[in-house]
Amino acid sequence: MIELKQLTKQYGKAGSLTTALSELDLSIEKGEIFGVIGHSGAGKSTLIRCINLLERPTSGEVWVNGKNLTSLGKKQLQAERRKIGMIFQHFNLLSSATVYDNIAFPLRLIKTPKVELERKVSELLALVGLEAHRDKYPSQLSGGQKQRVGIARALASDPEVLLCDEATSALDPQTTDSILRLLLDINKKFHLTIVLITHEMHVIQSICDRVAVIHQGGIVEQGPVTQVFLKPKHEVTQEFIRQEMDSGEALRLAMQGQVNGPSRAVQITFLGSKTYESILSHTVHETGVNFAILQGTISTIKDTPYGQLIVRFEGEERSIEDTIRKLLEQGLDVEVIH
């Protein structure tokens, strides 16, 4: 659906060039929600703006739905851009236009017949839950309502791709969750490919199928969100996970507890239906090992439940090893951390 090949973007003149993206390769499948996460200055905004050529890459190719956008002429590019919607962090609404007219704007640009335009705008107002606000101006709306207008406007031309440039960064947590639910509903209803960039792991965890971590203009890690979130490899990814968990100090204090005799601290990861099974309690009952929970969480990654426990096993060395082996045999991921 979307393929970026050896994408490079540089700013400035010879002798004082700044490289925002460096020979970046990325592939996004049709119908998936793909997240790109990175710190400020990592290149994520440049990347998403290169997908619809709001930023023209210095070199490399941008393929969308089988067409190389970087090779198209002006008229051809305009036609292809209509298939790519975009929403922005600060909404970019027309302040002097009503909600209705903001949504209708792209339809009027392509001279949509009046009856069809009215039908389309009414459908979009219902989709984003703003029927009662159609005649209001942006200044009369909350941040979440403004973003809903932005989403409706982006969908007006029936795009195949929706680009989200930090779409929830200006919103409070509750409003962020409502916008994410709306994007997820749109993805399911229209099988729309969604690419979103963010610096918040919570956003990725909530709705994305796959994620790429960008750092200093390159992709340092990518894969299914469950894999990247639960088994991060790159130090930048690990930092995002630590920030999301926000429990490093509490764990450090728990690990300092005094234990008499052999012990082992392990991280156990449960995924899917195993999250709710009593595998740990049954296993330690069999092996006779005692355990203390030092840290734990149960949550979901999109629609997939997961659990992570850090526990300290206490008992005979052989029994502890037997416990770890049995957990692994039952499909759990077990990592010895101390």
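Start with the salt bridges between the two domains: there are three of them between domain 1 and domain 2 in this predicted model. To see one, select Asp303 and Lys188 and show their side chains, which meet in a salt bridge at 4.0 Å, N to O. Then widen the search to polar contacts across the interface, where six residue pairs turn up, both partners being at pLDDT 80 or more.

Now colour the helices on the domain 1 side. Three of them, α6 (173-190), α7 (201-207) and α8 (225-230), each supply at least two residues of the side that touches domain 2. Of the elements there, α8 gives the most, with four residues.

**The two domains**

Zoom out and colour by domain. The domain assignment gives residues 2-243 as domain 1 and residues 257-336 as domain 2. If you place a marker at each C-alpha centre, the two markers will be 39 Å apart. Next, select the contact residues: 14 from domain 1 are in contact with eleven from domain 2.

How much area is buried between domain 1 and domain 2? The figure is about 920 Å², and carbon and sulfur atoms give 57% of this area. Pick out Gln205, Thr226 and Leu230 in domain 1: these residues lose the most area to domain 2, together 56% of what their side buries.

**The sheet**

Move on to the strands β11 to β14 and show them as a cartoon. In which order do the four strands lie? Reading across the open sheet, you will pass β12, β13, β11 and β14, with antiparallel pairing. Look at the two edges, β12 (290-301) and β14 (333-336): each has a single partner strand, so one side of each is left without a neighbour in the sheet. Neighbouring strands here are turned by 15° against each other on average, direction ignored.

For a closer view, select residues 263-271 and 304-314. These are β11 and β13, paired in the antiparallel sense over nine bridges. One place to stop is Ala265, whose bridge partner in β13 is Arg312.

**Helices on the sheet**

Keep the sheet on screen and add residues 279-287, which form helix α11. This helix lies across β11, β12 and β13, and runs at about 25° to β13. Finally, add helix α12, residues 317-329, which packs on the sheet and touches β11, β13 and β14. Compare its direction with that of β11: the angle between them is about 10°.

Conventions. Residues are numbered from 1 along each chain as its sequence is written. This is a predicted model: local features need pLDDT of at least 70, side-chain atom pairs count only at pLDDT 80 or more; totals for chains, interfaces and linings use all residues. Side-chain values use heavy atoms; hydrogens and water are left out. Two strands pair if DSSP finds at least two bridges between them. Axes are lines fitted to C-alpha atoms, for helices over the stretch in contact, and angles run from 0 to 180 degrees between N-to-C directions. Contact means heavy atoms within 4.5 Å. Domain bounds come from an automatic or database domain assignment. Buried area is the accessible area (1.4 Å probe) that two parts lose on being put together, summed over both. A polar contact is a pair of N or O atoms within 3.5 Å; within protein, one must be able to donate a hydrogen and the other to accept it, and residues adjacent in sequence count only if both atoms are side-chain atoms.
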